[in-house]
2 protein chains.
Amino acid sequence: MASTDKASPRDRLLDAAARLTYRDGVSVGIEALCREAGVSKRSMYQLFDGKDGMLAASLERRIPRYESQFAHPDPERATPRERVLYVFERLEQASADAGYRGCPYLAVLVELKNAEHPASLVARSVKERLAATFRAEAERGGARDPDLLARQLLLVFDGAGARAGAGVERLDDGLATATVTALLDAAGMD
Amino acid sequence: MASTDKASPRDRLLDAAARLTYRDGVSVGIEALCREAGVSKRSMYQLFDGKDGMLAASLERRIPRYESQFAHPDPERATPRERVLYVFERLEQASADAGYRGCPYLAVLVELKNAEHPASLVARSVKERLAATFRAEAERGGARDPDLLARQLLLVFDGAGARAGAGVERLDDGLATATVTALLDAAGMD
């Protein structure tokens, strides 16, 4: 890949793991990953204990980019409600991409079916951080039950991502934001 | 398995495919499936074109059992709202099972990442039928926008199933029904 020619073998492997896993699933083979990264298997095993650790590291590496896409560009001026809705607007935008396959962290959890896997631990931490963000916004916005609202928002977030990623739903008509608006209203959130 | 000793090789294979795929994912090997079913690989290939067809058939075979769990036991006396809420009560109950891994049909869609796969087509048909059921109930219940409400209910259904199945959420305190209640109220559904 032109964009990663100058990256280190480690970073090329992590990018390849993130890209191929997202596209094809966690069962993607070591050979395919090394080929995509342009790194020998021998070098791979010098850099990582194996595929599990590499997968976890690739998910970890993507966190800043993943989370920054949901951060409101003007957080000081936006209300808590606007900041929450922004997350879902971005989700709706992302889902319109031809390569969209849903939230990479939820996908890994669904695919691995193993909460102890190092990649599952990374995915879980991302989900918990988003829950904490929603809860904090719900508190600031005066929601009656901030914890309940945060959990409801995550049901919608993961349901919308999974369904759009699987090609059984489209979000580009504002389905996620409409659903979230109803829940914010019901929770009494400004 | 004691319960399938008298089943035909075909049915034993389909049950094994459903069980192992649900527990371990769609990448489960042919050898493991045949071993679990007590059927030789040779017999398997006489019965099915291969794993793809067997997986699709196993999902198809489970549909009646899957759908019947969500059917209200007294549909005549229940209101549309009660019939919708019953689906989510059953989801909450199912999620408390130690072996719960979410909706098997959504999981297959997330894992295969291929809308043309024969198993994806089966999964998609199940999702579409549930959407049609919700839409019909929403119409009967006088929801303002039955189509929108049905789609919202599916976001919650799949989000709740995926999150509980992945072990990042618990539904046994009524999270799904509380969320659905808010959406039914917002839609003006009796």
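## Helix packing within and between chains A and B

In this predicted model, helix α6(A) meets helix α6(B) through Ala107(A), Val110(A) and Glu111(A) on one side and Ala107(B), Val110(B) and Glu111(B) on the other. By class, the residues of this contact of α6(A) with α6(B) divide into four nonpolar, no polar and two charged. The two helices pack at an angle of about 110°, with their axes 9 Å apart, which makes α6(A) roughly perpendicular to α6(B). Their crossing, that of α6(A) and α6(B), is left-handed.

The meeting of these helices belongs to a contact between the chains that takes 38 residues from chain A and 38 residues from chain B. On the side of chain A that touches chain B, the elements that give two or more residues are α1, α6 (104-112), α7 (118-140), α8 (146-165) and α9 (175-186) of chain A. Which of the elements gives the most to that side of chain A? It is α8(A), with twelve residues. Sorted by class, the side of chain A that touches chain B has 18 nonpolar, eight polar and twelve charged residues.

Turning to chain A as a whole, the chain has nine helices and zero strands, so that a reader following the elements from the N terminus on finds the order α-α-α-α-α-α-α-α-α. Along its principal axes, the C-alpha trace of chain A spans about 55 × 30 × 30 Å. Of the 190 residues in chain A, buried residues make up 45%. Among the contacts in chain A between residues at least 6 apart in sequence, 66% join residues at least 24 apart.

Helix α2 of chain A, residues 30-37, can be described by its two sides. Its buried residues are Leu33(A), Cys34(A) and Ala37(A), and because they cover an arc of only 95° around the axis, they lie on the same side of α2(A). An α-helix has 3.6 residues a turn, so residues three or four places apart point the same way. On the other side of α2(A), Glu31(A) and Ala32(A) are exposed. What covers the buried residues of α2(A) includes α1 (9-24) and α3 (41-47) of chain A. After α2(A) comes Gly38(A), whose phi is positive, near 65°.

A positive phi also appears away from glycine. Most residues other than glycine have a negative phi, yet Lys113(A), which is not a glycine, has a positive phi of about 55°. Where does Lys113(A) lie? It is in the loop between α6 and α7 of chain A, and Lys113(A) counts as buried because 20 other C-beta atoms lie within 10 Å, where 20 or more are required. In chain B, Lys113(B) likewise has a positive phi, near 55°, in a residue other than glycine. Lys113(B) is found in the loop between α6 (104-112) and α7 of chain B, and Lys113(B) is buried, with 20 other C-beta atoms within 10 Å.

Within chain B, two packed pairs share helix α8(B), and the table sets them beside the pair that joins the chains.

| Pair | Angle | Axes apart |
|---|---|---|
| α6(A) and α6(B) | about 110° | 9 Å |
| α7(B) and α8(B) | about 130° | 8 Å |
| α8(B) and α9(B) | about 165° | 10 Å |

For helix α7 (residues 118-140) of chain B, the angle of about 130° makes α7(B) oblique to α8(B). In this pair, α7(B) passes α8(B) in a right-handed crossing. The residues of α7(B) that meet α8(B) are Leu130(B), Ala131(B), Phe134(B), Arg135(B), Ala138(B) and Glu139(B), and those of α8(B) are Pro146(B), Asp147(B), Leu149(B), Ala150(B), Leu153(B) and Leu154(B). The residues of this contact of α7(B) with α8(B) divide into nine nonpolar, no polar and three charged.

For helix α8 (residues 146-165) and helix α9 (residues 175-186) of chain B, the angle of about 165° makes α8(B) roughly antiparallel to α9(B). Here too the crossing is right-handed, as α8(B) passes α9(B). In α8(B), Leu149(B), Gln152(B), Leu153(B), Val156(B) and Ala160(B) meet Leu175(B), Ala176(B), Thr179(B), Val180(B) and Leu183(B) in α9(B). This contact of α8(B) with α9(B) divides into eight nonpolar, two polar and no charged residues.

Key. Residues are numbered from 1 along each chain as its sequence is written. Chains are lettered from A and ligands numbered from 1 in the order in which they are written. This is a predicted model: local features need pLDDT of at least 70, side-chain atom pairs count only at pLDDT 80 or more; totals for chains, interfaces and linings use all residues. A residue is buried if 20 or more other C-beta atoms lie within 10 Å of its own, exposed if 12 or fewer, and partly exposed in between; C-beta atoms are placed from the backbone. Helices (H or I, at least four residues) and strands (E, at least two) are DSSP runs, numbered from the N terminus. The arc is that of the directions from the helix axis to the C-beta atoms. Two residues are in contact if their C-beta atoms, placed from the backbone, lie within 7 Å. Axes are lines fitted to C-alpha atoms, for helices over the stretch in contact, and angles run from 0 to 180 degrees between N-to-C directions. Angles under 35 degrees count as roughly parallel, over 145 as roughly antiparallel, 65 to 115 as roughly perpendicular and the rest as oblique. A crossing is left-handed if the near helix is turned anticlockwise from the far one by less than a right angle, and right-handed if clockwise. Ala, Val, Leu, Ile, Met, Phe, Trp, Tyr, Cys and Pro count as nonpolar, Asp, Glu, Lys and Arg as charged, and the others, Gly among them, as polar.
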